[in-house]
Amino acid sequence: MFLRGSKLSLPLGIVFLFGTLLGSFLNVCIYRLPRKQSVVWPGSHCSTCKKPIRPWQNIPILSYLLLRGRCGQCNATIPITYPLVELITGVLLVWIWQQHGMSWSFVHYSLLVLLLVPISFIDLDTQLILNVLTFPGMVLGLAMSVLAVDISFGQAAAGLLLGGGSLYAIGLVGDLLFKQESMGGGDIKLGAMIGTFLGPQVLIALFLAFFLALPIIAIGMGTNRLHLGSKLPFGPFIALGTVVIICFGPALYSQYFRLVGQF
Ligand SMILES: [Zn+2]
């Protein structure tokens, strides 16, 4: 299965494998960053028995299936999120590759995805969006706007202000309405970070995030699992809205303009 990129052809399988290997590293980040542990040392080990994971037990997705979701040494259950993170990262990189081929745009959007995946899973796990990811992410986004052709530096800077500013403003309104903190500082910084990659388009990603979160909130409140004052991690929704823009943005816009053109 070969795909013709702008300059180079690469089997999609290699991109997928590359993505799952990066996903495997993201798993290490997701586990260790909230615990303030180094992501490079020591090497991969089981979080239950602490024994090092042998290379053949560390093959993305495949090892999880072969070991039937258990540590090869102490039999402890390996969370399903491990192969899931590897799969999601692999699929997203393949999707971006199909759109952009070997180009700075591929690097640009892949870097954003490689930030969004750990941010989302850490938020689901700990209800925290870590500065150690969002701040370097903002710098990376601004730097990529200089290197890549997708957006200008001015658009990246505008995206930073719009992404962070709009969530800050929504948070202020929410605080007044609900008389409690409604938007976490981490969400605001995440919005700003995504803005540096997407430019002003970040507003559409955030709109989609609310659009995706509303049914979940409605179901949660309908079934009494959520109530006013409950904390719902919003980071994964922001990430999901952003991924929709990365993967389907151009198609969405052309549909939208076709619809608008009919009136
Ligand atoms: Zn173990």
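## Exercises on a predicted two-domain chain

H100 lies in helix 3, helices being DSSP runs of H or I with at least four residues and strands runs of E with at least two, numbered from the N terminus. The model is predicted: local features need pLDDT of at least 70, side-chain atom pairs count only at pLDDT 80 or more, and totals for chains, interfaces and linings use all residues. Residues are numbered from 1 along each chain as its sequence is written.

**Exercise 1.** Determine whether H100 is buried, exposed or partly exposed, and list its contacts beyond four places in sequence.

*Solution.* Step one is the cut-off: a residue is buried if 20 or more other C-beta atoms, placed from the backbone, lie within 10 Å of its own, exposed if 12 or fewer, and partly exposed in between. H100 has 19 other C-beta atoms within 10 Å and is therefore partly exposed. Step two is the contact rule, by which the C-beta atoms of two residues, placed from the backbone, lie within 7 Å. Setting aside neighbours within four places in sequence, H100 is in contact with S105, F106 and Y109.

**Exercise 2.** Describe how domain 1 meets domain 2.

*Solution.* Begin with the bounds, which come from an automatic or database domain assignment: domain 1 covers 1–102 and domain 2 covers 103–263. Their C-alpha centres are 24 Å apart. Next, count the residues: 19 of domain 1 are in contact with 19 of domain 2. On the domain 1 side, helix 1 (12–32) and helix 3 (81–100) are the elements that give two or more residues. Helix 3 supplies the largest share, 10 residues. Finally, sort this side by class, where Ala, Val, Leu, Ile, Met, Phe, Trp, Tyr, Cys and Pro count as nonpolar, Asp, Glu, Lys and Arg as charged, and the others, Gly among them, as polar. The side of domain 1 that touches domain 2 has 14 nonpolar, 5 polar and no charged residues.

**Exercise 3.** Establish the relative direction of helix 5 and helix 6 and name the residues through which they meet.

*Solution.* Fit the axes as lines to C-alpha atoms over the stretch in contact, with angles from 0 to 180 degrees between N-to-C directions. The axes of helix 5 (residues 131–147) and helix 6 (residues 153–178) come within 8 Å and cross at roughly 155°. Angles under 35 degrees count as roughly parallel, over 145 as roughly antiparallel, 65 to 115 as roughly perpendicular and the rest as oblique. The two helices are therefore roughly antiparallel to each other. M138, G141, L142, S145 and V146 of helix 5 meet F153, Q155, A156 and L160 of helix 6. By class, this contact comprises 6 nonpolar, 3 polar and no charged residues.

**Exercise 4.** Identify the backbone features of P42, K36 and K50 in the loop between helix 1 and helix 2.

*Solution.* First, place the residues: P42 lies in the loop between helix 1 and helix 2 (62–66), K36 lies in that loop, and K50 does too. Next, inspect the peptide bond from W41 to P42, which is cis, with omega near -5°. Then examine phi: K36, not a glycine, has a positive value of about 55°, and K50, also a residue other than glycine, has a positive value near 65°. Finally, count C-beta neighbours inside 10 Å: K36 has 8 and so counts as exposed, while K50 has 10 and so counts as exposed.
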